[in-house]
Amino acid sequence: MIKIKEYKEDCVFCGRQANSKYNFETESHIINCENCGDYKINMEGTSSVQTIPVDQKHIIAGYLRELNELGLEAPLITSENIDIILSSSMIPKTVLEKLDKLLLYFERNTTYIYQWVSINYEHTAIAYAKSSEELKNMIEAIENNDYIFKCNEPRVRGFENEESNGEKEKYRLTLEGLSEINEIKDEQVIDTKQCFVAMWFGDQMMEVYNNHISKAIRDSGFEPLIISAKEHNNDICDEIIAEIRKSKFLVADLTGFRGGVYYEAGFAYGLGLPVIYTCKKGWFTGDVEVRAKRADTGKDVIIESPNNLHFDIEHFNFIIWEDEEDLYKRLKNRIEATIR
Ligand SMILES: [Zn+2]
């Protein structure tokens, strides 16, 4: 049985009292903070947080809160990944970007027009604010722009049924606010840092992805996304289509000549997205003999030595890689040279 001890302790990011569970098996704390949401942190992570500048703690609080609201699981916070979190493309860099986050918070909590959204000024993480005062100022700014409208009716303002403490107000998004949110979302699509990776999900290739392809993409300032679902085989699904649409460019590794990779690359090309083609040398030149499991029978078979590439893509400027290090270097150079 997994041993878990429950108690209360101060949240390391925002200082508010939070529920904490210690999992003896994973040696990590599971924190439930009213402001930051749920997150996991280990001992080294906790002591590293003590050493980061105060000015960065509320940024991580905002990041955790946003992940929670988007239904995404926050990474386990360790001493190693605090810097990675702080450099995430999700984090707002300017005052205006913080205001965008606040508007998006309103939008996430609005399901019909003129729905009241209650704002607790203690919950500063909803907009990456450092203090209640900053959050109040931010609310004032978007109110002055007529993006939100404050509730003045005492009847509607009643917060009697809500448990949490702290000063609260209710606001609703105006039509101006909603159309501003549309513009923010359009900009986010243009500004996306996502790179979709289409490739063969064989074990060897997954290792190449984990240690080299994803690293080359990250090190050039982009966020790799792979939908590694072996069950998809060569099928294309709605999720893949949606993610390609949200991407800035696509890396298609043709090693293994999987039908799905051609399809995904073709789809991205059709949308006008840049596609960077890569392929392992032996596969490109046609002198490999590869054993693989057949999807239908599960038996090992020898895949015939390929001697040419499908379709008319030979004239594309391929990265024909010799080994993983070579792939890493050339892919990184190509991204840096061609993707803005
Ligand atoms: Zn917190």
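# Why the helices and sheets are named as they are

Mentor: The axes of helix 4 (residues 95–108) and helix 5 (residues 132–144) cross at roughly 80 degrees and come within 10 Å. Please keep in mind throughout that this is a predicted model.

Trainee: Why are helix 4 and helix 5 called roughly perpendicular to each other?

Mentor: The term applies to angles from 65 to 115 degrees, and the crossing of helix 4 and helix 5 is at roughly 80 degrees; the two helices are therefore roughly perpendicular to each other.

Trainee: Which residues make the contact of helix 4 with helix 5?

Mentor: Helix 4 contributes Lys98, Leu99, Leu102 and Leu103, while helix 5 contributes Met138, Ala141 and Ile142. Sorted by class, the residues of this contact are 6 nonpolar, no polar and 1 charged.

Trainee: What makes helix 8 roughly parallel to helix 12?

Mentor: Helix 8 (residues 203–219) packs against helix 12 at an angle of about 25 degrees, and the axes of the two are 8 Å apart. Angles under 35 degrees count as roughly parallel, so helix 8 is given that description with respect to helix 12. The crossing of these two helices is right-handed.

Trainee: Which residues in helix 8 and helix 12 meet?

Mentor: On the helix 8 side they are Val208, Asn211, His212, Ile213, Lys215, Ala216, Ile217 and Asp219, and on the helix 12 side they are Glu324, Leu327, Tyr328, Leu331, Lys332 and Ile335. By class, this contact has 8 nonpolar, 2 polar and 4 charged residues.

Trainee: Why are helix 9 and helix 10 called oblique to each other?

Mentor: Helix 9 (residues 238–245) and helix 10 (residues 259–270) pack at about 40 degrees, with their axes 10 Å apart. That angle is not under 35 degrees, where roughly parallel would apply, nor does it fall within the 65 to 115 degrees of roughly perpendicular or over 145, and the pair is therefore oblique. The crossing of helix 9 and helix 10 is right-handed. Where the two helices meet, Ile240, Ile241 and Ile244 in helix 9 face Glu264, Phe267 and Ala268 in helix 10 in contact, and these divide by class into 5 nonpolar, no polar and 1 charged residues.

Trainee: How do you know whether Ala337 counts as buried or exposed?

Mentor: A residue is exposed if 12 or fewer other C-beta atoms lie within 10 Å of its own; Ala337 has 8 such neighbours and therefore counts as exposed. Ala337 lies in helix 12 (residues 324–338), and its C-alpha is 9.9 Å from that of Ser220, although Ala337 and Ser220 are 117 residues apart in sequence. For the protein chain of 340 residues, 26% count as buried.

Trainee: Why do strand 1 and strand 4 stand at the edges of their sheet?

Mentor: That sheet is open, with 4 strands in the order 1-2-3-4 and antiparallel pairing. Strand 1 (4–10) and strand 4 each have a single partner strand, so one side of each is left without a neighbour in the sheet. From one strand to the next, the twist averages 25 degrees.

Trainee: How do you know that strand 3 and strand 4 pair?

Mentor: Pairing requires at least two bridges between two strands, and strand 3 (residues 28–33) shares 6 with strand 4 (residues 37–42), in the antiparallel sense, so the requirement is met. As one example of the register, Asn32 stands opposite Asp38 in strand 4. A hairpin through 3 residues joins strand 3 to strand 4.

Trainee: What makes strand 5 and strand 6 edge strands?

Mentor: Their open sheet has 3 strands in the order 5-7-6, paired antiparallel, and strand 5 (117–120) and strand 6 (148–150) each pair on one side only. Neighbouring strands of this sheet are turned by 40 degrees against each other on average, direction ignored.

Trainee: How many bridges join strand 5 to strand 7?

Mentor: There are 4 bridges between strand 5 and strand 7 (residues 168–173), and the two strands run antiparallel; since at least two bridges are required, strand 5 and strand 7 count as a pair. Asn120 stands opposite Lys168 in strand 7.

Trainee: How many helices and strands are there in the protein chain?

Mentor: The protein chain has 12 helices and 14 strands. Among its contacts between residues at least 6 apart in sequence, 64% join residues at least 24 apart.

Conventions
Residues numbered from 1 in each chain as written. Predicted model: local features only at pLDDT ≥ 70, side-chain atom pairs only at ≥ 80, totals over all residues. Axes fitted to C-alpha atoms, helices over the stretch in contact; angles between N-to-C directions. Left-handed = near helix turned anticlockwise from the far one by under 90°. Contact = placed C-beta atoms within 7 Å. Nonpolar A, V, L, I, M, F, W, Y, C, P; charged D, E, K, R; others polar. Buried ≥ 20, exposed ≤ 12 C-beta atoms within 10 Å, placed from the backbone.
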